[in-house]
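Student: I should like to learn how strands, sheets and a ligand site are read from a set of coordinates. Could we work through one example together?

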Amino acid sequence: MSFDAKTFMQDFKGKVLFQEPLSKHTRFGVGGPVDVMFSPCDINELSLFLKKLPSDQPLYILGAGSNLLVRDGGIQGFMVKLDSPFFKQIKIKETELTAYAGCPNVKLKKELIENGLSGLEFLCSIPGTIGGTLKTNAGCYGKSVSDVLIKATVMNRKGEITELSNADFHFSYRNADLKKDWIILSVTFQCQKEDPNQILQTLQEQHEYRKAHQPMKARTAGSTFKNPAGMSAWQLIKQSGADLLHVGGAQVSDKHCNFLINNGSATAEDLETLGENIIKAVKKTKNITLEWEVERLGQKK
Ligand SMILES: Cc1cc2nc3c(=O)[nH]c(=O)nc-3n(C[C@H](O)[C@H](O)[C@H](O)COP(=O)(O)OP(=O)(O)OC[C@H]3O[C@@H](n4cnc5c(N)ncnc54)[C@H](O)[C@@H]3O)c2cc1C
């Protein structure tokens with residue numbers, strides 16, 4: 001980096017890490033370093049940072065890294081991670097719940113039960129933060145973020161705040177339209193009043209289902225490929241025999257063959273090559289081209 005990032009960052013109070021290995025920040029446990037990782041203390045500091053950051057400096061936003069495959073050569077530029085306590089707040093007004101973007105989804109559980117609010121149980125079982133969950137229009141059990149979002153507050157690259165409605169996101173399968181470098185700050189969801197015992201039961205059932213069907217504790221980024229219209233990616237993988245493939249320390253989960261797993265020794269290169277080999281195998285046997293759902297970023301080594 002020719003730009004003097006250390007001098008630029010010295011006046012900020014939030015946590016700043018230089019050459020931070022992204023393997024520490026992704027569920028896959030792989031990924032080379034990012035030049036600068038910044039955790040702003042609050043919205044004001046984030047705004048100040050963006051106002052000062054030269055526009056030619058690359059900027060990335062990181063949630064919990066649950067849907068990312070960061071390559072072994074890492075990322076040049078700045079990465080913002082909203083993991084300070086300010087960005088983990090949850091506020092409730094009648095049946096509307098507002099969560100800040102760095103809030104882990106699982107943290108919603110307690111609020112839903114204590115306040116007798118239903119409608120967001122499905123989100124609690126999805127690994128990640130509220131920001132990443134909105135950006136990926138995450139979903140399960142027949143519901144996705146687009147079904148429950150009222151509005152979100154976002155910040156543009158100039159550090160200015162705007163409010164966006166549900167319609168502004170033009171939601172599609174696992175995607176919310178958000179302009180490049182815009183950062184989600186907080187998200188307001190619609191809930192309904194419900195008996196806390198019923199909420200607890202739904203949460204427990206969904207947790208049990210996941211434990212039984214998905215490798216929740218493994219180093220994985222969830223579903224690797226999008227389901228082609230009317231089909232299941234996992235079925236196509238199984239039928240083509242690609243579930244038996246492996247590359248170095250990267251393998252296919254035996255619990256759910258649309259999940260790739262780092263068995264502890266995989267590089268990002270192993271995982272990406274395995275994914276590409278699966279795409280080739282499904283194309284050859286089924287004549288269908290699977291599309292990556294996991295977002296790949298950074299440079300190869
Ligand atoms: C075991 C497992 C099971 C999973 N099951 C599901 C499932 O059932 N359904 C499902 O949809 N997904 C699932 N996933 C994928 C993943 O959990 C979701 O995509 C999750 O919502 C990603 O959140 P994150 O905070 O980890 O985002 P990250 O992976 O860190 O980032 C994802 C994207 O969001 C962007 N982003 C993150 N925060 C912000 C922000 N504040 N502002 C703007 N952009 C931002 C990032 O730049 C990136 O483009 C699963 C993953 C795992 C590991």
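Tutor: Let us start with a pair of strands. Strand S6 (residues 90-93) and strand S7 (residues 96-100) run antiparallel and are joined by four bridges. This is a predicted model, in which local features need pLDDT of at least 70 and side-chain atom pairs count only at pLDDT 80 or more, while totals for chains, interfaces and linings use all residues. Residues are numbered from 1 along each chain as its sequence is written, and side-chain values use heavy atoms, with hydrogens and water left out.

Student: What counts as a strand, and what counts as a pair?

Tutor: Strands (E, at least two residues) and helices (H or I, at least four) are DSSP runs, numbered from the N terminus. Two strands pair if DSSP finds at least two bridges between them. In this hairpin, Lys93 stands opposite Glu96 in S7. Two residues lie between S6 and S7, and Glu94 in the turn has a positive phi of about 55°.

Student: How are strands assembled into a sheet?

Tutor: Strands of a sheet pair through backbone hydrogen bonds, either parallel or antiparallel. Here, an open sheet of four strands follows the order S1-S2-S5-S3, and its pairing is mixed. Strand S1 (15-21) and strand S3 (59-62) each have a single partner strand, so one side of each is left without a neighbour in the sheet. Neighbouring strands of this sheet are turned by 30° against each other on average, direction ignored. S1 and strand S2 (residues 33-39) run antiparallel, joined by six bridges; Glu20 has Val34 in S2 as its bridge partner.

Student: Which helix lies across S2, S3 and strand S5?

Tutor: Helix H2 (residues 43-52) does, running at about 155° to S5 (75-81). Such angles run from 0 to 180 degrees between N-to-C directions, with axes fitted to C-alpha atoms, for helices over the stretch in contact; contact means heavy atoms within 4.5 Å.

Student: How many residues surround the ligand?

Tutor: There are 36, the closest being Ile61, Pro127, Thr129, Gly139 and Glu295. A residue is near a molecule if one of its heavy atoms lies within 4 Å of it. By class, the shell has 17 nonpolar, 14 polar and five charged residues. H5 gives the largest share of the shell, four residues.

Student: Which polar contacts should I inspect?

Tutor: A polar contact is a pair of N or O atoms within 3.5 Å. A backbone N or O atom of Ala64 lies 2.9 Å from an oxygen atom of the ligand. For a polar side-chain atom of Ser66, the distance to a ligand oxygen atom is 2.7 Å. An N or O atom in the side chain of Thr129 is 2.6 Å from an oxygen atom of the ligand. The protein covers 95% of the 980 Å² of accessible area that the ligand has on its own; accessible areas come from the Shrake-Rupley method with a 1.4 Å probe.

Definitions and conventions
Polar contact = N/O pair within 3.5 Å; in protein donor to acceptor, adjacent residues only side chain to side chain. Nonpolar A, V, L, I, M, F, W, Y, C, P; charged D, E, K, R; others polar.
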